[in-house]
Amino acid sequence: MIASVLPTYNRAPLTPVKGEGSWLIEADGRRFLDLGAGIAVNALGHAHPALVQALTDQAQNLWHVSNLYHIPQQQALADKLVDATFADTVFFTNSGTEACELAVKMARKYWYDKDQPEKTDIITFEGSFHGRSSAGIAAAGSEKMTTGFGPLLPGFVHLPWGDHDALTAAITDTVGAILIEPIQGEGGIRPLPDQCLKGLRDLCDEHGILLILDEVQCGVGRTGKLFAHEWAGVSPDIMMVAKGIGGGFPLGAVLATKDAASGMTAGTHGSTYGGNPLGCAVGCAVIDHVADPDFLAEVNRKSALIRQKLEGLVAAHPDVLEEVRGTGLMLGLKCKATNIDLVNAGYDNLVVTVPAADNVIRLLPPLTISDDEIAMALDRLDAAATQVASA
Ligand SMILES: *Cc1c(COP(=O)(O)O)cnc(C)c1O
């Protein structure tokens, strides 16, 4: 016997049938405060009126035409992203892992066209996550994701997190790029300090190699800047985006400089659905909201508020919690108790959080969460921590 849905997930006892802003609602009317936002996807919360409008307006007109033709919504979203970022050009995907596939192909083609085809290696880091495609699991390289799925795509050099000497030693003549998340999400909300990201940029410049950032989870306003690398004041050559950019519609993107993308000429890459009118209409509405400096200022204000309250929560539950991590509304609570127990106690207290590696629970609320909801969230997390402490 096998479940009719391929059983690759251990699902939590939660069946939401409706979403409203920061709330997930079950059929019986139980309302959960959603601090997971579909793993940092529902950036504007559930059923945001502007996104519903963008989607339904587009649905009345045209859903799909394929990339054989011009797509005005795709052009508009690409223009917005180019205007707002380091990038000169954008390719749209349906997911984060497809963005990883293209980032890897783009880096290899770059060196191939520069007559240095030996530079196929990409340096990646322990604890990272780049999705579940063959390139994604090979890039991350963890046993948990790769066991049984060999032979793996070659060309990745896996280094420990935060080991500077290992990094400099690893830069050989076959290395063409470094790929890293500015803040590891699945890895347990592990931020790369700004100096380290600057250092990586310098190292890449010194050796003439490409810096690829995976901002699938930390991008699109999540950290209080449109993209997380902006905090460090440096930019990548190639960037992977997904999750928040579609606000719940499956949408991803690879952003690149014109130099890094120079090998990607007509016929070198493609996608049937990537950049379709529905997804891009929604993506435009998301970016219009999130790229607004006033919106980002609110994310930062709310981040300070929730962080301060979370520090209090950690102090009040020293047997359950250890520390607060993260930036903006991409926050983690490192647990002393087992993180899953706290996530489960959260469900009992009608608050949704997301577990991560390193015994962390993630708080990735909709960026639109209100101050009142933050206060409610803390009360519910407090009740959950009390429940775990007394178990
Ligand atoms: C979620 C995630 C991915 C994979 O995205 P999918 O849409 O699930 O393919 C890649 N990188 C990071 C950092 C992620 O958080």
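In these legends, a helix is a DSSP run of H or I with at least four residues, and helices are numbered from the N terminus. Welcome to a short tour of this structure, which is a predicted model.

**View 1. A37 sits in the short run called helix α1, residues 37-40.** Take a look at the backbone here: A37 has a positive phi of about 50°, although this residue is not a glycine. Is A37 buried or exposed? Buried means under 20% relative accessible area, so A37, at 0%, counts as buried.

**View 2. A47 is found in the loop between α1 and α2 (49-61).** Here is another residue that is not a glycine yet has a positive phi, this time about 55°. The relative accessible area of A47 is 52%, which means that A47 is exposed.

**View 3. A cis peptide bond joins G150 to P151.** Its omega is near -5°. To find the spot, follow the chain from α6 (143-146) towards β6 (156-159): P151 belongs to the loop between them.

**View 4. Helix α8 spans residues 194-207.** With its 14 residues, α8 reaches 20 Å from the first C-alpha to the last, close to the 20 Å expected at 1.5 Å a residue. Just past its end comes G208, with a positive phi near 65°.

**View 5. Helix α8 has a buried side and a face turned away from that side.** Which residues of α8 are buried? They are L197, L200, R201, L203 and C204. These residues cover an arc of only 160° around the axis, so they lie on the same side of α8. Their packing partners are α7 (164-170), β7 (175-180) and β10 (210-214). On the face turned away from the buried side, look for the exposed residues Q195 and E206.

**View 6. Helices α11 (residues 339-348) and α12 (residues 371-389) cross at roughly 125°.** Two packed helices are described by the angle between their axes and the distance between the axes. In this pair, the axes come within 8 Å. The two helices are therefore oblique to each other, and α11 passes α12 in a right-handed crossing. Which residues make the contact? From α11 come D341, L342, A345, G346 and D348, while α12 brings A384, A385, Q387 and V388.

Key:
Residues numbered from 1 in each chain as written. Predicted model: local features only at pLDDT ≥ 70, side-chain atom pairs only at ≥ 80, totals over all residues. Heavy atoms only, no water. Expected span 1.5 Å × (residues − 1). Buried < 20%, exposed > 50% of the residue type's maximum accessible area, 1.4 Å probe, protein only. Arc of directions from axis to C-beta. Contact = heavy atoms within 4.5 Å. Axes fitted to C-alpha atoms, helices over the stretch in contact; angles between N-to-C directions. Parallel < 35°, antiparallel > 145°, perpendicular 65-115°, else oblique. Left-handed = near helix turned anticlockwise from the far one by under 90°.
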